[in-house]
Amino acid sequence: MVNATFSVADGVARIRVEREEALNSIDLETKEEIIERLGEYDDDEDVRAVLFETAGEKAFSAGGDLKEVVEEDFALEPFTESWDRLFTRMTTMDTPTVAKLDGFTFGGGFDLMLHTDVVVAAEDAKIGQPEVNLGIVNHFSPAFLPPAIGTKKTLDLLLTGDPITGAEAKELGLVARAAPAEELDAEVESVLSSLKSHSPKILSRIKSVVYEGIEMSPSAARDHAENVAHEAAEGPWMREGVEAQLEKRDPSWAYDDE
């Protein structure tokens, strides 16, 4: 049984995990469906952004399903392999992704947050990596976190398992934005509106220079970004954007769909 619903409206694909009784933990079947849907959305020219959200306000996601861990006789491979495919799909797809975090965001939910392009969290959300309490070594966060928040805070999060708030995560740079719980939906919609107003072709190129640049030396990353910038400048986007600015009108990206 897939514990999620999928919908597309007004340029936004919404992936909503609905497993509130299990803190919106993501089972293997649901994860596979999400991976497949992301591929479909990335091929759909009408989809300008993908939103991850979950049922209720108690938890964004507690990560993987611990009952499945027992069923799989504590083998990690089914879980790590599927998470890896999901995260690779998220960071390599052209379409930008957004996550709305409220409540608990732990384990695999934390890793999902790390691999989402723009994360908006409730200020009182609880965000952390408590795998140490389960005798598990997380193998996604350790590589991702030190460049973002430093070695010492990484070790604090991973060694103690103690969570931080959404407001603290914003200060650390783990999430892009934090808002009071009652303003969370409005902040998410503001992000989605902004993404939809931009050229999808340019957004995809920005994603590529950021994610591919992470794997490069600083000088190589700069060269790569410059090459992509020059390639994009040969298209119609810069001309349209600059002329629209000078003419005090909204740019038209209609040719993105051609």
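**Exercise 1.** Which residue in β7 stands opposite A99?

*Solution.* The model is predicted: local features need pLDDT of at least 70, side-chain atom pairs count only at pLDDT 80 or more, and totals for chains, interfaces and linings use all residues. Residues are numbered from 1 along each chain as its sequence is written, and side-chain values use heavy atoms, without hydrogens and water.

Step 1. Find the strands, which are DSSP runs of E with at least two residues, numbered from the N terminus. Strand β5 covers residues 97-101 and strand β7 residues 118-122.

Step 2. Check the pairing, which requires at least two bridges found by DSSP between two strands. Here 4 bridges join β5 to β7, and the two run parallel.

Step 3. Read off the partner: V119 in β7 stands opposite A99.

**Exercise 2.** Describe the sheet and the helix α1 that packs on it.

*Solution.*
Step 1. Write down the strand order. The sheet is open, has 6 strands and runs β1-β2-β3-β5-β7-β10, with mixed pairing.

Step 2. Identify the edges. These are β1 (4-9) and β10 (177-179), each of which pairs on one side only.

Step 3. Give the twist, which averages 20 degrees from one strand to the next. Angles run from 0 to 180 degrees between N-to-C directions, with axes fitted to C-alpha atoms, for helices over the stretch in contact.

Step 4. Place the helix (a DSSP run of H or I, at least four residues). Helix α1, residues 28-43, touches β1, β2 (12-17) and β3 (49-54); contact means heavy atoms within 4.5 Å. The direction of α1 makes about 15 degrees with that of β1.

**Exercise 3.** Which parts of the chain does the salt bridge between K207 and D117 link?

*Solution.*
Step 1. Apply the criterion: a side-chain nitrogen of Lys or Arg within 4 Å of a carboxyl oxygen of Asp or Glu. In the pair K207 and D117, the closest N and O atoms are 2.9 Å apart.

Step 2. Locate both residues. K207 is in helix α9 (residues 200-214), and D117 is in the loop between α4 (108-114) and β7; the two are 90 residues apart.

Step 3. Classify their accessibility: buried means under 20% relative accessible area, exposed over 50%, and partly exposed in between (1.4 Å probe, protein chains only). K207 has 8% and is buried, whereas D117 has 23% and is partly exposed.

**Exercise 4.** How many salt bridges does the whole structure have?

*Solution.*
Step 1. A search of the whole structure finds 17.

Step 2. Look at examples. R16 and E18 meet in a salt bridge of 2.9 Å, N to O. R19, D27 and D65 are linked in a network of salt bridges.
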